[in-house]
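Welcome! Open your viewer, get comfortable with selecting residues by chain and number, and follow along stop by stop.

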Amino acid sequence: MEQKTKIHAEAGKQELRVTRDFDLPLELLFQAYTEPEIVEQWMGTKVIKLENQKHGAWRFETTDPMANVHIFSGVIHDFLPFKKITRTFQMENTPFEAQLEFLDFESVEEQKSKLTMHIVFRSVALRDQMLALPFAQGINMAHNRLQEIVNKLI
Amino acid sequence: MNLRRDVFQAIADPTRRAILLLLATQAMTAGAIAANFDSARPTVSKHLQILTECELLKQVQNGREIFYSVNPEKVKEVAEWAEQFRQLWDERFNKLETIMKKYQ
């Protein structure tokens with residue numbers, strides 16, 4: 001079966017693209033990015049702030065299975081409903097610098113949509129390090145499922 | 001000997017993965033690498049030896065010191081780094097899809 005989520009990361013470039021086809025109408029796909037209660041469910045994070053507008057800000061707080069709290073935040077540079085979100089992303093209190101994210105939402109047909117996430121990093125090294133992060137932390141499906149169960153217990 | 005299997009065995013260890021991540025942005029001496037871990041120096045040396053043997057790390061002599069750095073070609077060959085990142089997003093997107101289908 002063809003993979004629904006694809007990653008394009010060319011060697012020596014400070015950017016990467018993640019594309020995903022959804023069996024969802026465009027409206028619902030976009031809604032999943034803008035409604036805090038829904039973002040919380042699929043991102044597995046707490047939404048502290050999510051201002052869906054040009055020059056808005058966002059802030060998420062995530063507790064990992066080891067009970068460490070991680071804060072992710074950024075500003076929304078551009079917000080075009082059902083079309084595009086341009087935002088910055090930064091993991092606070094880490095050596096990672098801000099990255100620029102272009103999220104393009106497209107309708108493929110009535111019940112199908114597509115998301116392209118284009119991420120630009122400050123350097124090639126930072127991109128490679130970000131790519132390596134889940135690998136280094138050993139994040140895998142079992143791990144996430146464990147986190148899900150732990151989250152339910154709290 | 002099956003070299004491919006060795007590479008995957010090499011990266012299966014969390015300390016060795018942490019060493020690779022540490023060296024992703026800079027070359028370091030064995031001493032500087034060991035300073036980042038609680039493990040005894042000989043243990044870290046053993047990890048470096050395994051990573052070097054399967055070519056995930058390269059050694060560069062600089063005066064009297066040996067610097068270790070990641071061998072990008074070999075890492076690319078393993079292709080595991082980007083794959084884990086892809087899987088992380090794939091899983092999140094699967095969840096998104098399942099949740100939003102309920103709203104249809």
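A residue is called buried here if 20 or more other C-beta atoms lie within 10 Å of its own, exposed if 12 or fewer, and partly exposed in between. By that rule, 28% of the 104 residues of chain B count as buried. Please keep in mind throughout the tour that this is a predicted model.

**Stop 1: the two chains**

Colour by chain and begin with chain A. Its secondary structure comes to four helices and eight strands. Reading from the N terminus, you pass the elements in the order β-β-α-α-β-β-β-β-β-β-α-α. Of the 154 residues in chain A, 18% count as buried. Take the contacts in chain A between residues at least 6 apart in sequence: 36% of them join residues at least 24 apart.

Now switch to chain B. Here you will find six helices and three strands, running α-α-β-α-α-β-β-α-α from the N terminus on. Among the contacts of chain B with a separation of 6 or more, residues 24 or more positions apart account for 51%.

**Stop 2: where the chains meet**

Show both chains together. How many residues of chain A are in contact with chain B? There are 30, and they touch 28 residues of chain B. On the chain A side, select strand E1 (5-8), strand E2 (15-22), helix H1 (26-34), helix H2 (36-43), helix H3 (124-137) and helix H4 (141-153); each supplies at least two residues. H3(A) gives the largest share, eight residues. Sorted by class, the side of chain A that touches chain B has 20 nonpolar, six polar and four charged residues.

**Stop 3: a helix with a buried side**

Hide chain A for a while and select helix H2 of chain B, residues 14-22. Display the side chains of Arg16(B), Arg17(B), Ile19(B) and Leu20(B), which are buried. Why do they lie on the same side of H2(B)? They cover an arc of only 155° around the axis, so they share one side of the helix. A general point helps here: an α-helix has 3.6 residues a turn, so residues three or four places apart point the same way.

**Stop 4: two helices crossing**

Keep H2(B) on screen and add helix H4 of chain B, residues 41-53. The two pack at an angle of about 70°, and their axes are 10 Å apart. That angle makes H2(B) roughly perpendicular to H4(B). To see where they touch, select Thr15(B), Arg16(B) and Ile19(B) in H2(B), which meet His47(B), Ile50(B) and Leu51(B) in H4(B). The residues of this contact divide into three nonpolar, two polar and one charged.

**Stop 5: just past H4 of chain B**

Move on to Glu55(B), in the loop between H4 and E2 of chain B. Most residues other than glycine have a negative phi. In Glu55(B), though, phi is positive, near 70°. Is this residue buried, exposed or partly exposed? Glu55(B) counts as partly exposed, because it has 16 C-beta neighbours inside 10 Å.

**Stop 6: the sheet of chain B**

Next, select the strands of chain B. They form an open sheet of three strands in the order E1-E3-E2, with antiparallel pairing. Strand E1 (28-29) and strand E2 (57-62) are the edges, each pairing on one side only.

Zoom in on E1(B) and strand E3 (residues 65-70) of chain B, which two bridges join. Met28(B) has Tyr68(B) as its bridge partner, while Thr29(B) is partnered by Phe67(B). Then look at E2(B), which pairs with E3(B) over six bridges. One of the bridges puts Val60(B) opposite Phe67(B). In the hairpin of E2(B) and E3(B), two residues lie between the strands, and Gly63(B) takes a positive phi near 65°.

**Stop 7: back to chain A**

Bring chain A back and find Phe82(A), in the loop between strand E5 (69-80) and strand E6 (84-91). Phe82(A) is not a glycine, yet its phi is positive, about 60°. Phe82(A) is partly exposed, with 15 other C-beta atoms within 10 Å.

Finish at Phe102(A), which lies in strand E7 (residues 99-109) of chain A. Phe102(A) is partly exposed too, with 17 other C-beta atoms within 10 Å. Which residues does Phe102(A) contact, leaving aside its neighbours within four places in sequence? They are Thr86(A) and His118(A). As a last exercise, check the distance between the C-alpha atoms of Phe102(A) and His77(A): these residues are 25 apart along the chain, and the separation is 9.7 Å.

Terms used:
Residues numbered from 1 in each chain as written. Chains lettered and ligands numbered in written order. Predicted model: local features only at pLDDT ≥ 70, side-chain atom pairs only at ≥ 80, totals over all residues. Arc of directions from axis to C-beta. Axes fitted to C-alpha atoms, helices over the stretch in contact; angles between N-to-C directions. Parallel < 35°, antiparallel > 145°, perpendicular 65-115°, else oblique. Contact = placed C-beta atoms within 7 Å. Nonpolar A, V, L, I, M, F, W, Y, C, P; charged D, E, K, R; others polar. Pairing = 2+ DSSP bridges.
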